[in-house]
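Colleague: Could you walk me through this one, with the cut-offs spelled out as we go? I would like to see how each label was assigned.

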Amino acid sequence: MWHRIAAFVIKFRVTLLVLLLALTSVMGYYASKVELSYEFTNAIPTDNPKYIDYQAFRKQFGEDGNLMVIGVQTNDFFNKEFFTDYARLVADLEKIGAVENVLSIPGAITLVKDTVTGQLKPEKIVTPQTINNIDSIRRTFYNLPFYRGFLYNPETGAYLMALRIDKKILNSKSRTIVVKDIVAISDQFGQKHQIEMHYSGLPLIRTMMAAQVQEEMKMFLIMSFVLTAVILALFFRSFMAVLASMIVVAVGVIWSVGTIALLDYKITLLTALIPPLIVVIGIPNCVYFLNKYHSEYNQHQNKMKALMRMVDRMGIVTLFTNLTAAIGFGVFFFTKSQLLKEFGLVAGLNIMAIFFISLVFIPALFSFLPPPAGKHTSYLESKWMNNLLTTLTNWVFGHRVWIYGFTIVICIFSVIGITRLHTVGHIVDDLPKDAKVYQDLKFFEKNFRGVMPLEIVIDTKKKNGAVSLPVLQKVDELNVYLQQFPEIGHSLSIVEGIKFARQAFYDGDSSSYAVPNMFDGAFIQPYLRSKGDKNSTFNKLLNAFMDSTKQKTRLSISMADVGSKRLPQLLDSIRPKTYELFDSSKYNVSFTGTSIVFLEGSRFIINSLRDSLILAFLMIFGCMILLFRSWRILLISVVINIVPLLITAGIMGWVGIPIKPSTVLVFSVALGITIDVTIRFLVNFKQELIRHDDDIAVTVRKTIHDTGLSIIYTSLILIAGFGVFALSDFDGTKSLGYLTSLTLLLAMVANLTLQPAFLLWMDKVLRKNKGPEWLIEEDDKEPV
C-alpha cells in the first residue's frame, strides 16, 4: 500500500503542491481572524451544578469578577495636596467610558437625617465646598464604620478604590486598552507623589495573563523555529533540508491557528501552546523522512528510488507516531471541559495534518532538487555518534543486569516520591512570584485580606423574606463569624447598608452602627419595602444585594487566593455555622462566585486529565496491537513508556512540584510523544528481523545503529522545543516545558537501552520453546 502511495505522491506532485498551497492560503485567511479569549470559567462543563449556580448568580446579581482595585499605602493620605490630587485621579478614572463607577474615599457618601421630614438622604463627603476642609473630611470619614476594612485599613495606612468595569468590555479585546488606560492614569499620580501604586482584581489579572499569552506565543514560535533550525543545520548540514523542514512546520502552524478560528474557538492559555507544539512535533517527521532518504540514496545513488523507499518504509512509522501523538492530545476532546475539548481537538487534528503535509511536501520538493551531496549525508558516518551507539550497544549486550537493577532501584525511589505528591492550585497559580501583579495581590491580601470574590446566596423561600428582621440578624451573625478567618476580608450585604442607615438615624453616632432591634427596626422597614425612586442610593443598594421580590439576598465576600487545598477546608468550616443559622427546611443557601468556580474547574481538569491519560494509554496501546499484533511487544512498549512517566512523577514528589492542571498535562503530552520513539524502534526491529533470518541479537544490534541516530536527534529537537516553554513567565507553562523535556530525555535513554535489553531477555526465555516467531505473525513475514 505504501509503495502505491509513494508512487501517487511522486506522480501527482505538482497537483498536490498546488492543492497544499491553496489550502494553506485558506487557512492563512482564517488564521488572520483568530481572537484572544478572556473567559475564566470555561474549564468546567456547563451542566456542572457549580457552574449552573454561578450562572444563576450572574443572571440575578450581575458579574462578581468585574471589580478592579487600586491601592496606596501612605501616612499622608489626608495631606491637602495628596488628597486633592487623589480626588482628581478618581474623577479622571470615572471619565473612562468602560468604568461604570468608582467606589473611593473622595466619592464616599454619608447618610444624613432630615430634621424636618425625618427622612434619610445621602450626601457626598467630598464636595467642591468641602474639599479644602480636609480635617473635616477625615473626621467624617473615620466616623463611618461602613468603610473600615473596605476602603481603608487604619492599622497599616492602606487605602483602596474599587472600579467596576463594564462586563461587555471585559469580554472583548478592548479590555486591554481600558486596563492600560487605568494603569497609565494612576501611575502618573504615583510618579508625582513618589508612591507605589498597587493594582489587582480579576479584570487586571485576566488582562495581564491574556496579554502575556499573546507575547509568549510569538516568543515560543520564534525560539522553537530558531532552535530546531540550528539543530537541523548541525544534523543535515544542508540548507534545503533545513528550509524544507521549516516550510513544513510553518504550514502546520498556519493550519493550526486557522483551525482555531475555523472552529470558532479563541486563543486560550492552552491553545496558545499548539503552534509551537506543531513545530516541535512536526520536525521529527522531517528528520525521519530525510534521514531515510539520505541513507537509501547512500546505498544505491538513485534519487527517485530513494524517495520511493523513503515513503514506502517510513510512511507507516510516521503515520503511527503521529497517530499516537494525536491520540495523546486528542483524548482531551472526550472530557466535558470546553477548555480541554478545544485544546484536544485542535492539537489532535493538526498533528495528523502535519503528517500529511510532510508526506506530500518532502518527497514532492526533493524530487525537483538535485540529489544530496556527500557532505549532506556525512552525518550518517559521524564518528562520535557511531561511538556513542556502539557504547550503548555494548551496554545492552554486556551489562543487562546493571540496566535492570538501576531501573528497578530508580523506580522504587520514584514510587516513594509519588507518595509525597500533593494537589494544589491558585487562581494566580501560573503567575511568577516576583511579578508585580502577584506582589500587588499579596499587598491586598496583607492589608485587606484579599480581593477574590466569594458569594453566599440566601433564598428565604418567601417574598420580602430577605428584609425581615430575623434574617437580617442572622446575616449579620454569619458576617461576624466569617471575620474570625484571617483569609476572609470585608463582606458586603444589605445588612451593612441597614447598619449604615441606623447610624444616620441616631445622628451619625458610630456606636449605633448595628442591626436594628425590635424597638427601632420599624423605622427602616419603609425603606426596605419601598418601590420609590429606583435611582436612589438606597434602592441601588437593595437591587445590588437582593432580587426584585426581596426573597433572595447575597453576602459578597472578598478573600485571599487561598488555593484549591485550603479553600475546601475553609468552606467546610463555614458551612456548619451557615446551615445552623439558616435551616435547610426554611432556607436555600448556595456558595458560589469565581473562587468556587475556580476550585471546581481546577479539580475537574485534574480529574479529566487523569481519565484522559488512561484513555490515551488504552487507545495508543490498541494502535500498538494493531501495528505489531503481539502481546509481548505490547508488554515491552508499556513498560518502556511507563518508566519515564513514573520517574518524572517521582521527581515531582521529591522536589515538591504539586499536582495541578499544568503538571498533569505533562503525562498525556509526554506519553503521546514518547511512544513515537518506541514505535520507530520496534517497526525498524520488525522489518530488520525478517531480513536477518530471525536472528534477534543481530537485529537488535542493527536496529540500535539504524534508528539510534534519528531517535537521538529527534529527541534532542523535542527536548529543545519543549525546553523553550521553560522560559515562560507562567509557572504552569514552565513546568510543562521542563517536565516534558525531562520525560523525553528519560524516554530516549529507556528506548535505546532498556527496550533492546528486554527484547534480548525475552528472546532468551522464549526461544527455547517457540523460536523467534513470538515477535511476528505469519502474515508479517514479508518485508514491509
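Modeller: Happy to! Let me start with accessibility: a residue is buried under 20% relative accessible area, exposed over 50%, and partly exposed in between (1.4 Å probe, protein chains only). Keep in mind that this is a predicted model, where local features need pLDDT of at least 70, side-chain atom pairs count only at pLDDT 80 or more, and totals for chains, interfaces and linings use all residues. Residues are numbered from 1 along each chain as its sequence is written, and side-chain values use heavy atoms, with hydrogens and water left out.

Colleague: Thanks! Is K95 buried or exposed?

Modeller: The side chain of K95 meets that of D92 in a salt bridge, 3.9 Å from N to O. The term stands for a side-chain nitrogen of Lys or Arg within 4 Å of a carboxyl oxygen of Asp or Glu. D92 has a relative accessible area of 30%, so D92 is partly exposed. K95 has 68% relative accessibility and therefore counts as exposed.

Colleague: How many salt bridges does a search of the whole structure find?

Modeller: The D92 and K95 pair is a salt bridge, and D440 forms another with K436. Searching the whole structure gives a total of 19.

Colleague: Let's stay with D440 and K436. Where do they lie?

Modeller: Their closest N and O atoms are 3.1 Å apart. D440 is buried because its relative accessibility is 2%, while K436, at 39%, is partly exposed. Helices here are DSSP runs of H or I with at least four residues, strands are runs of E with at least two, and both are numbered from the N terminus. The two residues are four apart, about one turn of the helix, and both lie in helix α16 (residues 436–448).

Colleague: And which residue forms a salt bridge with R309?

Modeller: R309 is partly exposed, since its relative accessible area is 25%. The partner has a relative accessible area of 2% and so is buried. The closest N and O atoms of this pair are 3.1 Å apart, and the partner is E296.

Colleague: Which helices does that pair link?

Modeller: R309 and E296 form the salt bridge. The pair links distant parts of the chain, 13 residues apart: R309 is in helix α11 (residues 303–330) and E296 in helix α10 (residues 274–300).

Colleague: On to the strands. Why is β6 described as largely enclosed by the rest of the structure?

Modeller: Strand β6 covers residues 158–165. Strand β1 (residues 67–73) pairs with β6 in the antiparallel sense over seven bridges, and strand β2 (residues 99–103) does so over four; pairing requires DSSP to find at least two bridges between the strands. The description follows because the buried residues of β6 number seven of the eight.

Colleague: Which residue of β6 is the bridge partner of V102?

Modeller: On the β1 side, I70 stands opposite M161 in β6. For V102, the partner in β6 is L163.

Colleague: Which residue in the turn between β5 and β6 has a positive phi?

Modeller: Strand β5 (residues 152–153) runs antiparallel to β6, joined by two bridges, and N153 stands opposite A158. The two strands form a hairpin with four residues between them, and the one with a positive phi, about 70°, is G157.

Colleague: Last one: which residues does T592 touch?

Modeller: T592 sits in strand β11 (residues 588–592), and counts as buried because its relative accessibility is 1%. Contact means heavy atoms within 4.5 Å. Not counting residues up to four places away in sequence, T592 touches D53, Y54, F57, L454, E455 and V457.
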